[in-house]
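Subject: Structure handover

Hello,

Here is the structure I said I would pass on. Please look it over first; my notes come after it.

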2 protein chains.
Amino acid sequence: MHPLVSLSIADFAAALASDAPAPGGGSASAAAGAAGAGLLSMVVRLTLGKEKYRDAWAGLETLLPVLDGHRARLLELVDEDTKAYDAIVAARKLPKESDAEKTARKKAIDDATVLATTVPMQTAFFAEQALRAAGTVGEKGNPNAASDAFVAALLLSTALEGALANVRINLGGIADPELKQGFAGDAADLAKKGAVSLETCRALARTRGLLA
Amino acid sequence: MHPLVSLSIADFAAALASDAPAPGGGSASAAAGAAGAGLLSMVVRLTLGKEKYRDAWAGLETLLPVLDGHRARLLELVDEDTKAYDAIVAARKLPKESDAEKTARKKAIDDATVLATTVPMQTAFFAEQALRAAGTVGEKGNPNAASDAFVAALLLSTALEGALANVRINLGGIADPELKQGFAGDAADLAKKGAVSLETCRALARTRGLLA
């Protein structure tokens, strides 16, 4: 079942706007990432088909299955993010009368919070991977699609930063200090790599007059 | 008819990824903007309902119809962007044998290019308007939705910058120098305002540990 990615663009935007806390920023980040990976695939397809850009084919054709795979995985994460949020809400509703119940409830909340952190971490991971490809696609791809490659980079950077904000908001709820530190370190690493890739794409966009 | 916003999230991402040049970055930018405006509406709704945040109500309730309106308009622009692109393609296919045909074709391409520039300019305009509200929503809104307000700001900034890249890529094709200069000036103005609003949201996200 993929209830969210089966919603229309208009209905998904309406679901975000509703007073239900999920779907929220985590699912929206993954959806932005899927759109960004999709746009990069388009730019590659508009290059591989054209004899004129033959010199670029070798550098781009191996990217296509990777980017299509990232799009598929990011779409799955749209739904996984909302499911993980719902699991925290369900754990919080567990009974807390007896000591045994309190212990079981605390463990359920801890486990659900760890899961709800691994989901946006995966969104951040795949968004960063695709963002790394955006520089190559922008540079070697069909120049008529230069603005599409740049929009893809912006979408993937938003997916990455948005997912990391969701990782970080959960860190306070993670009981295990080692796990918490590991997540924080991974988040910092992905953010740093993503910023470098985005800057490459911004520099290219500037030389093409797409950015002031 | 709204063919694109009726597509599911998964099918829209697949349509972006296909070897058809439209839908492309212009439609994807407008869709990101609609998701961003939607997320801001959610944060406002999660604040207005709660007695605990009563002090914030006055500053937020007037924003709700505005944000819902921006979301609706940005959704329309998803389809308008692709239609405007198709109109340029159609104009380029007009016959160009006789001098009269050549003149008519050039005028049709010029007109279609101006239209195809006004569409992302509108996307940029509404994204900037919503991004301006993101600071207030982030600051006064339900703090449990702080990451949602930040993701909204990222999505709206991407919509704005992505739409402006689409404006700028069309500028070279605009024959009227005054019109061209007007578009360039408006684009620079929106980019500047958007950067200021985004920085406000980033600063807030930093104080909340959502951003390193």
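The notes below go through the interface, the cavities and the salt bridges.

Please keep in mind that this is a predicted model.

**The interface**

The size of an interface is often given as the accessible area lost when the parts come together. For chain B and chain A, that buried area is about 4,000 Å², and carbon and sulfur atoms give 69% of it. On the chain B side, the residues that lose the most area to chain A are Ile9(B), Ala17(B) and Glu161(B). Together these three account for 15% of what that side buries.

Counted by residues, 51 of chain B are in contact with 52 of chain A. There are also 20 residue pairs in polar contact between chain B and chain A, with both residues at pLDDT 80 or more. Four helices of chain B each supply at least two residues of the side that touches chain A: H1 (9-17), H2 (25-48), H4 (63-92) and H6 (146-171). By residue class, that side of chain B has 31 nonpolar, 13 polar and seven charged residues.

**The cavities**

Rolling a probe the size of a water molecule over the atoms shows where empty space is left. In this structure there are three cavities of 30 Å³ or more, and the largest has a volume of about 210 Å³.

Which residues lie nearest the centre of the largest cavity? They are Ile9(A), Ala31(A), Ile9(B), Ala31(B) and Ala32(B), out of 19 residues that line the largest cavity. Both chains contribute to the lining: helices H1 (9-17) and H2 (25-48) of chain A, and H1 and H2 of chain B, give two or more residues. The lining consists of 19 nonpolar residues, with no polar and no charged ones. Ile9(B) thus appears twice in these notes, once among the residues that lose the most area to chain A and once at the largest cavity.

**The salt bridges**

Side chains of opposite charge can pair when their charged atoms come close. Over all chains, the structure holds 22 salt bridges. Two salt bridges are found across the interface of chain B and chain A. Glu161(A) and Arg202(B) meet in a salt bridge through their side chains, at 2.7 Å from N to O.

Within chain A, the side chains of Arg45(A) and Asp68(A) form a salt bridge, also listed at 2.7 Å, N to O. Arg45(A) belongs to helix H2 and Asp68(A) to helix H4 (residues 63-92) of chain A, so this pair ties together parts that are 23 residues apart in sequence.

Regards

Terms used. Residues numbered from 1 in each chain as written. Chains lettered and ligands numbered in written order. Predicted model: local features only at pLDDT ≥ 70, side-chain atom pairs only at ≥ 80, totals over all residues. Heavy atoms only, no water. Contact = heavy atoms within 4.5 Å. Buried area = accessible area lost by both parts, 1.4 Å probe. Salt bridge = Lys/Arg side-chain N within 4 Å of Asp/Glu carboxyl O. Polar contact = N/O pair within 3.5 Å; in protein donor to acceptor, adjacent residues only side chain to side chain. Nonpolar A, V, L, I, M, F, W, Y, C, P; charged D, E, K, R; others polar. 1 Å grid on protein atoms, 1.4 Å probe; cavity = no way out; pocket = protein on both sides within 12 Å on 5 of 7 lines; lining within 4 Å. Points joined across faces, edges and corners; volume = space filled by probe spheres on them.
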